[in-house]
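Here's a walk through one protein chain, going from a single helix out to the whole fold. Have the structure open as you read.

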Amino acid sequence: MVSLTLKGITRKFGDVTAVDDVSVEIAGGELFFLLGPSGCGKTTLLRLIAGFYAPDAGSILFDDKDVTRTPPHRRNTGMVFQNYALWPHMSVRENVAYGLVLRKVSTSEQNDRVSEALGMVRMDRYGERSPNQLSGGQQQRVALARALVIRPDVVLLDEPLSNLDARLRLEMRDEIRRIHDETGTTMIYVTHDQKEALSMADRVAVMDMGAVAQTGAPRSIYDRPANAFVADFIGETNFVAGRLTRSELPLAVETAVGVLHSTVEPVEELSLGDEVVCSVRPEAIRVSDPDADAVEDTAPGEDTAAREGENVMNGVVRQTVYLGDHEQYSVRLDDGTPMKLVDHRPGRQLAGPGAPVRLTCDASQVVVLGKPG
């Protein structure tokens with residue numbers, strides 16, 4: 001299992017800095033994600049690792065070996081492209097064997113390794129078919145087998161599921177995770193899909209404007225985003241602006257809808273009096289009638305607003321959207337701030353458009369972040 005180290009990697013195209021001083025360490029055997037919006041530099045960084053581009057500054061190490069100036073065919077990486085990139089005039093077996101032919105592997109070993117790779121991706125019955133006889137999901141499996149058959153040190157996946165429909169994407173997520181766990185190969189996966197990253201990755205680097213905004217395990221990035229960009233990009237969140245009036249835990253933020261408290265240690269360094277935003281995930285918010293003493297989400301006789309460490313905001317429901325397994329609510333707070341919340345028991349509609357509501361959330365679910373630029 002090969003580890004990767006990126007030290008101060010920078011790449012420019014003319015006046016545009018596509019990758020800006022990126023330093024990342026990837027452990028051997030990790031399924032590591034580069035995640036971010038279009039144009040953030042994630043694919044450029046992947047191509048730098050593959051050797052298709054050379055960095056303007058910085059170095060790339062596979063284990064302790066510097067491969068910064070090593071050509072792609074000498075890096076022993078396998079690439080899985082977004083558009084599959086299969087040869088239409090070759091059979092599935094011939095496509096998978098192509099890298100072995102270039103490496104002048106003996107015919108008998110080619111046969112064994114191609115059969116092994118096709119079996120790994122569950123495509124061993126389709127070896128004699130041509131790519132145009134396969135579905136998109138099957139073609140992506142063949143592309144993955146072609147990358148694995150050379151026994152690469154690192155597999156690089158460039159948005160491999162973006163051309164598949166929703167159901168096939170879910171299926172292939174499980175397959176890629178299974179194959180990674182079975183082979184133990186270091187894999188670097190580029191995507192803009194937050195759910196792919198959250199559901200599959202060992203660790204994630206969230207990129208913004210060519211730089212890494214935060215690196216960590218999916219759960220830690222979701223629960224403790226480093227800044228407002230990460231909080232907004234990873235899933236949905238609500239922002240309430242205010243001023244920090246207490247800088248020790250529990251933090252206190254004075255806002256237009258009241259004081260909000262947080263028991264979450266901020267990742268950024270914040271000082272008393274700073275302009276900040278409070279990030280609250282939709283699923284962390286409970287809704288009730290503002291005139292009621294208690295709601296279904298509490299124990300019998302427990303007053304929601306009186307709970308220790310609970311934050312309370314008042315507003316009016318603007319819209320509800322029923323989605324079967326959950327219902328989304330759009331609420332406007334008293335000061336006009338929009339809020340979204342999710343109820344996972346949609347059989348009991350909590351409130352309709354125009355209804356006044358009380359929103360509550362625990363201090364443990366409020367993350368205080370520096371106000372974006």
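## Helix 4 and its neighbours

Leaving aside residues up to four places away in sequence, Gln139 makes contact with Tyr84, Leu86, Pro131 and Leu134. This is a predicted model, so take that and everything below as read from predicted coordinates. Gln139 sits in helix 4, which covers residues 136-148. Is Gln139 buried or exposed? With a relative accessible area of 17%, Gln139 is buried, since the cut-off for that label is under 20%.

Leu148 belongs to helix 4 as well. Leu148 counts as buried too, at 10% relative accessibility. Which residues does Leu148 touch, once those up to four places away in sequence are set aside? They are Met120, Val155, Ile179 and Met187. There's also Leu118 to look at: its C-alpha atom is 9.5 Å from that of Leu148, with the two positions 30 residues apart along the chain.

## A salt-bridge network

Helix 4 also supplies one end of a salt bridge. The side chains of Glu171 and Arg141 pair up, with 2.8 Å from N to O. This pair ties together distant parts of the chain, as Glu171 is in helix 5 (residues 166-183) and Arg141 is in helix 4, 30 residues apart. The two ends have their own surroundings: Arg141 is buried at 10% relative accessible area, whereas Glu171 is partly exposed at 38%.

Now move along helix 5. Glu182 and Arg178 form a salt bridge whose closest N and O atoms are 3.1 Å apart. These partners are separated by about one helical turn, because they are four residues apart in helix 5. Arg178 counts as buried at 17% relative accessibility, while Glu182 is exposed at 53%.

## A bridge between two strands

Try the pair Arg286 and Asp362 next, where the side chains meet in a salt bridge at 3.2 Å, N to O. Here the link runs between distant parts of the chain, from Arg286 in strand 15 (residues 286-288) to Asp362 in strand 19 (residues 356-362), 76 residues apart. Arg286 is buried, with 14% relative accessible area, and Asp362 is partly exposed, with 25%.

Back to the helices for a moment: shared partners connect Arg122, Arg141, Glu171, Glu175, Arg178 and Glu182 into one network of salt bridges. The salt-bridge count comes to 14.

## Helix 1, tucked in

How many of the nine residues of helix 1 are buried? Seven are, so helix 1 (residues 42-50) is largely enclosed by the rest of the structure. The buried set is Lys42, Thr44, Leu45, Leu46, Leu48, Ile49 and Ala50. Right after helix 1 comes Gly51, with a positive phi of about 95°.

## A nonpolar patch outside

On the surface, Trp87, Tyr98 and Leu102 make up a nonpolar patch, and together they have about 300 Å² of accessible area. Leu102 is part of helix 2, residues 92-102. At 56% relative accessibility, Leu102 counts as exposed, because the cut-off for that label is over 50%.

## The whole chain

Zooming out, the chain has eight helices and 20 strands. It is split into domain 1 (4-223) and domain 2 (236-370). The C-alpha centres of domain 1 and domain 2 are 40 Å apart, and the C-alpha trace of the chain spans about 80 × 45 × 35 Å along its principal axes.

What share of the 373 residues counts as buried? The figure is 51%. The accessible surface of the chain is about 17500 Å², and carbon and sulfur atoms account for 47% of that. If you take the contacts between residues at least 6 apart in sequence, 66% join residues at least 24 apart.

## How far to trust it

The chain's mean pLDDT is 90, with 94% of its residues reaching 70 or more. Where does pLDDT stay under 50? That stretch is residues 294-308, for which the model has 26 contacts beyond four places in sequence. Where pLDDT is low, the predicted coordinates shouldn't be read in detail.

Notes:
Residues numbered from 1 in each chain as written. Heavy atoms only, no water. Domains from an automatic or database assignment. Patch = residues over 30% accessible without salt bridge, like charges linked within 9 Å, V, L, I, M, F, W, Y side chains within 5 Å. Areas by Shrake-Rupley, 256 points an atom, 1.4 Å probe, with all protein chains shown as cover. Salt bridge = Lys/Arg side-chain N within 4 Å of Asp/Glu carboxyl O. Buried < 20%, exposed > 50% of the residue type's maximum accessible area, 1.4 Å probe, protein only. pLDDT = per-residue confidence, 0-100. Contact = heavy atoms within 4.5 Å.
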